[in-house]
Amino acid sequence: MPNPLDTLFIEMAVARGWIERAQADEAMSIQEATKDDGGGRRLLRDIVVEEGWMTKEQVAEVDAQIDEGAAKTGKIEGYRLLAKVGQGGMGAVYKAERTASGEIVALKILPTRLARRPDFVDRFLREARAAAKVKSEHIVRPVDVGFSGGYYYYAMEYVEGESVDTTLSIDGAMAETKALRIIHQIALALVDAEKTGMVHRDIKPGNIIVTEKGVAKLTDFGLAREADDDSVTQAGITLGTPNYMSPEQAQAVKALDVRSDIYSLGVTFYYMVTGVLPFQGETSLLTMLKHLNEPPVAPITRRAELTRGCNDIILKMLAKKREDRYQHASQLVEDLALVMDGKPPRYAESTEPKPPGTAEDDGAGAREEIEHLAEEIREQRRLKWL
């Protein structure tokens, strides 16, 4: 029996005059024949493109029309859709009212083109399951998840606010005090996540929402997993956002823990106070290589008015080796609180330059100069040989 979404797709394509009825019937016959041959059921939308009956643009328009249908017809049982408030890769988000209680929620609806794929359905529903495991004031609260009218949906707490990504794109780099308050709250969310063994895996400015009252909340647990669950990265698959990805994520390390989230939050912190990313290559691969091998430029070098404590916390969060970062989110929370009170951090090592001639210096400047000269000599020899 055909997939209901496939049937809806083909009927809408015929109704719009983009495909003849005979071609629609033939497409469905091809789909059935493929299944009978043991090749697995092909999607009608793929068949009509391969046969040259519809363009990819026409297919995308039909898919978009189907998705909008959920909002226009109110097919999600138990909800009244009020307005579309966002659109992401995993679906549109609507401001909606729960008819039973009157509660206003954010309702995410999975696009039909993705609802046909079990892996995307699993990721979509995983967000609700993962968020439900963590109880935190600073994590967007899940409300409901289900399937209605042919659509997968996920209802969550409606947060009236602006993402950090949007704020940065409009205003540029933040004041240190403001950034510290936001990062401190998200670090508290990581404390709660760590207690339940959950790892977010995709912390970035776009996943942090700040209300008008200054309350920061972490959202989008679509990639979240328990710390000992390696199914996301099996077979070398790397998931996450390259600009904010930890070195161990770039290496597709299976056993991630809170230290990976601390690194991603460190990249976010760096971006918030400097206005630039610490690592950015021309391609995703080059960006990941920079995360693996390139030391970050100290944020205080990019923005001189930053305090030394803020600079040191960021650099500790961005340590390449996990064992050199904060080992627990609670340590990060403590250091952030100290710097917010004008005190030096406890766990982050000070990068305050040492005066020459001290025991710690011990001729380090002279050694660096010798090493620099030696490298110049080696380069001159190479050029002469060439």
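At what angle do the axes of helix α8 and α10 cross, and within what distance do they come? In this predicted model, the axes of α8 (residues 176-195) and α10 cross at roughly 170° and come within 10 Å. Because angles over 145 degrees count as roughly antiparallel, α8 is described as roughly antiparallel to α10. The crossing of these two helices is right-handed. On the α8 side, the contact is formed by E176, A179, L180, I182, I183, I186, A187, L190 and E194; α10 contributes V258, D261, I262, L265, F269, M272 and V273. Sorted by class, the residues of this contact comprise 13 nonpolar and three charged, with no polar residue.

The setting for this pair is a protein of 386 residues, of which 44% are buried. Its secondary structure amounts to 15 helices and 10 strands. Of the contacts between residues at least 6 apart in sequence, 61% join residues at least 24 apart.

Helix α10 itself spans residues 258-274 and has 17 residues. From its first C-alpha to its last, α10 reaches 24 Å, close to the 24 Å expected at 1.5 Å a residue. The helix is mostly covered, with 17 of its 17 residues buried. Immediately after α10 comes G275, a residue with a positive phi, near 85°.

A further packing partner of α10 is helix α13, which covers residues 308-317. The axes of α10 and α13 lie 8 Å apart, and the two helices pack at an angle of about 140°. This angle falls outside the ranges counted as roughly parallel, roughly perpendicular or roughly antiparallel, the last of which requires over 145 degrees; α10 is therefore oblique to α13. The crossing of α10 and α13 is left-handed. In this contact, α10 supplies I262, Y263, L265, G266, F269, Y270 and V273, while α13 supplies C310, I313, I314 and M317. The residues involved divide into 10 nonpolar and one polar, with no charged residue.

Some residues of α10 serve in both contacts. I262, L265, F269 and V273 are listed in the contact with α8 and also in the contact with α13. The two crossings can also be set side by side by hand: right-handed for α8 with α10, and left-handed for α10 with α13.

Methods. Residues are numbered from 1 along each chain as its sequence is written. This is a predicted model: local features need pLDDT of at least 70, side-chain atom pairs count only at pLDDT 80 or more; totals for chains, interfaces and linings use all residues. Side-chain values use heavy atoms; hydrogens and water are left out. Helices (H or I, at least four residues) and strands (E, at least two) are DSSP runs, numbered from the N terminus. The expected span of a helix is 1.5 Å times one less than its number of residues. Buried means under 20% relative accessible area, exposed over 50%, partly exposed in between (1.4 Å probe, protein chains only). Axes are lines fitted to C-alpha atoms, for helices over the stretch in contact, and angles run from 0 to 180 degrees between N-to-C directions. Angles under 35 degrees count as roughly parallel, over 145 as roughly antiparallel, 65 to 115 as roughly perpendicular and the rest as oblique. A crossing is left-handed if the near helix is turned anticlockwise from the far one by less than a right angle, and right-handed if clockwise. Contact means heavy atoms within 4.5 Å. Ala, Val, Leu, Ile, Met, Phe, Trp, Tyr, Cys and Pro count as nonpolar, Asp, Glu, Lys and Arg as charged, and the others, Gly among them, as polar.
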